[in-house]
Amino acid sequence: KLLIRAFANVHERNKNTQLTILGDGVLRLEIENLIKDYNLENCVTLMGVVSNVEDYFAGSDAFVLSSDFEGLPLSILEAMACGLPVISTKTGGTIDIIENDVNGYLVESRNEAQLGDAMYRMSLLSEEDRSEFIEKSLELLIKYDINRCVKDHERIYANSQ
């Protein structure tokens, strides 16, 4: 619901914005009603559960995670790997993979104004700035490469004996 409310503010300031939400859950009816309340039916799409997330990433300009709670969100790593700049709330491991104004935007959890502002700023980014965010994200992803993680775990295990 936070994402919808923040997006309503963004769309008010920049009519050239669209929001696609992937996934489904018990809040769907409330979200549908919120979309209607803000008259966003023409610019917000609820896709439900999809198996081809990368196709949606390929057609997007940014990825937004507005969660209240997270561990290390693989969805952010996947979005970064697909070349998307990221906006996220400061929850769980997001602070370990997003450096504010370096490879994305971090906002306080449950802060509609900050989330909307970050989304609006992202909608205005130049291609050069967007490319820089993506480049920094791809550099960070090396740290999470499965082969590197396996070697790091093997080293930790070997040193603990």
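**Figure 1. How α4 packs on α7 in this predicted model.** Two packed helices are described by the angle between their axes and the distance between the axes. Here α4 and α7 meet at an angle of about 120°, and their axes sit 9 Å apart. That makes the pair oblique, because an angle that is neither under 35 degrees, over 145, nor from 65 to 115 counts as oblique. As for handedness, α4 goes past α7 in a left-handed crossing.

**Figure 2. Who touches whom where α4 meets α7.** On the α4 side, the contact is made by L77, M80 and A81. Their counterparts on α7 are S137, L138, L140 and L141. Sorted by residue type, this set comes out as six nonpolar, one polar and no charged.

**Figure 3. The two sides of helix α4 (residues 74-81).** I76, L77, A79 and M80 are the buried residues here. Looking down the axis of α4, they fall within an arc of 160°, so they line one face of the helix. Turn to the other side of α4 and you find L74 and A81, both exposed. Just after the helix comes G83, with a positive phi near 80°.

**Figure 4. What the buried residues of α4 pack against.** Helix α7 (127-141) is one of the partners, and two other helices join in: α3 (53-58) and α5 (94-97). Strands take part as well, namely β3 (63-65) and β4 (86-89).

**Figure 5. S67, in the loop between β3 and α4.** Is S67 buried or exposed? S67 has a relative accessible area of 18%, and since buried means under 20%, this serine is buried. Setting aside neighbours within four places in sequence, S67 is in contact with T89, T91 and S109.

**Figure 6. Zooming out to the whole chain for context.** The protein chain has eight helices and five strands. In sequence order they follow the pattern α-β-α-β-α-β-α-β-α-β-α-α-α, so read with care when matching labels to the close-ups: helices and strands are each numbered from the N terminus. The C-alpha trace spans about 60 × 40 × 30 Å along its principal axes. Of the 161 residues, 34% are buried. Among contacts with a separation of 6 or more, 53% come from residues 24 or more positions apart.

Note on methods:
Residues are numbered from 1 along each chain as its sequence is written. This is a predicted model: local features need pLDDT of at least 70, side-chain atom pairs count only at pLDDT 80 or more; totals for chains, interfaces and linings use all residues. Side-chain values use heavy atoms; hydrogens and water are left out. Buried means under 20% relative accessible area, exposed over 50%, partly exposed in between (1.4 Å probe, protein chains only). Helices (H or I, at least four residues) and strands (E, at least two) are DSSP runs, numbered from the N terminus. The arc is that of the directions from the helix axis to the C-beta atoms. Contact means heavy atoms within 4.5 Å. Axes are lines fitted to C-alpha atoms, for helices over the stretch in contact, and angles run from 0 to 180 degrees between N-to-C directions. A crossing is left-handed if the near helix is turned anticlockwise from the far one by less than a right angle, and right-handed if clockwise. Ala, Val, Leu, Ile, Met, Phe, Trp, Tyr, Cys and Pro count as nonpolar, Asp, Glu, Lys and Arg as charged, and the others, Gly among them, as polar.
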